[in-house]
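Please read the following numbered points beside the coordinates. They are comments on side-chain packing, taken region by region.

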Amino acid sequence: MSFETVSQSRCFGGTQFVYRHVSQETGTPMRLAVFVPPQAADTKLPVVWFLSGLTCTEENFTVKAGAQRVAAELGLILIAPDTSPRGEGVPDDQDGAYDFGLGAGFYVDATEAPWTRHYRMRSYLERELPGLVAENLPADMSRQGIMGHSMGGHGALTLALRNPERFKAVSAFAPIASPMNCPWGEKALTNYLGSDRSSWRAYDACALIDGGARLPDLLVDQGTADGFLDSQLKPRLLAEACARAGQPLTLRMQQGYDHSYFFIATFIEDHLRWHAQRLSVVNTV
């Protein structure tokens, strides 16, 4: 299966694409944004995935983070998928809440009706989409990194902890550190997975680390002025889990920064260079 090009724009010597394809996992059309840097004309390049947060689509990171300039310098392909299935027949929260349903897939495979058929973001990102990327893009799939923001930070951490052989670099901006222990996560996991909390552990970074999952290292940036810091994000729980397990973690509390894309744009270069170092990128331009 090939990608359908929705749009493409020249950007820092490379090309910013938006693609669409029909997903077998979600049973819907899915969109993703892909930045291909200029070095791809000569060789396959490493991939860095970015998973976005609540209410977002593939567009938010692409237009707000300012990542393409550095990715073009370093020779990194950037892939930003959508955050949930969308389309006719895809269920949404009946009250239109922003923290559940459309735009709030939480990167899980739902097991509860009516979410089961379409809300399969885990399988989409772990199996289906990487295969399509390998078939359609000049991507070196032996060199992959992943990062994300908020709900997407949770997604990046849990995908990497479940698949440590796939990801050589992992980072996050203000991740939901323990969905099992915050209102956003409790609402989403109850509705998508049911009331048996043991089934939630595969989608909680702290629980995965406590259960033995390991990565070479983690980079997390968190703003001290983030309005969700204490109620939803709880980086302290991640720090405690990593300390118990001996999991290397660089947690940087960034003074005065909030939860917005201004925060992400400020530190995205640091994160891309972190990934480039671990992916052994050689700049060929």
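1. In this predicted model, the count of aromatic pairs comes to 14. One of them joins Phe100 and Trp115, whose rings lie 4.7 Å apart centre to centre with 80° between their planes, an edge-to-face arrangement. Both partners belong to the loop between strand E5 (77–81) and helix H3 (121–136), where they are 15 residues apart.

2. Are the two partners of this pair buried or exposed? Phe100 counts as buried because its relative accessibility is 2%, and Trp115, with a relative accessible area of 8%, is buried as well. Ring pairs extend the picture beyond these two residues, since Phe100, Trp115, Tyr119 and Tyr192 are linked into a cluster.

3. A further pair is formed by Tyr257 and Phe267, whose ring centres are 5.0 Å apart and whose planes meet at 70°, so that this pair is also edge-to-face. Tyr257 lies in the loop between strand E9 (250–254) and helix H9 (261–278), whereas Phe267, ten residues away, lies in helix H9 itself. The burial of the partners should be noted separately: Tyr257 is partly exposed, with a relative accessible area of 30%, while Phe267 is buried, at 9%.

4. An aromatic ring also takes part in a contact with a charge, for the charged end of Arg278 sits over the ring of Trp274, at 3.4 Å from the ring centre.

5. Tyr192, already named as a member of the aromatic cluster, is one of the buried residues of helix H5 (residues 183–193), the others being Trp184, Gly185, Ala188, Leu189 and Leu193. These residues cover an arc of only 105° around the axis, and they are therefore on the same side of H5. The elements that cover them include helix H7 (229–233). Just after H5, Gly194 takes a positive phi of about 95°, which a reader checking the backbone may wish to inspect.

6. The last point concerns Val18, placed in strand E2 (residues 14–22). Val18 is buried, because its relative accessible area of 13% falls under the 20% limit. If neighbours within four places in sequence are left aside, the residues in contact with Val18 are Glu4, Thr5, Val6, Ser7, Arg31, Leu32, Ala33 and Glu58. As a separate distance check, the C-alpha atoms of Val18 and Ile79 are separated by 9.7 Å, although the two residues are 61 residues apart along the chain.

How values were computed. Residues numbered from 1 in each chain as written. Heavy atoms only, no water. Buried < 20%, exposed > 50% of the residue type's maximum accessible area, 1.4 Å probe, protein only. Helix = DSSP H or I, 4+ residues; strand = E, 2+ residues; numbered from the N terminus. Arc of directions from axis to C-beta. Contact = heavy atoms within 4.5 Å. Phe/Tyr/Trp six-rings, centres within 6.5 Å; stacked < 30°, edge-to-face > 60°. Lys NZ or Arg CZ within 6 Å of the ring centre and 35° of its normal.
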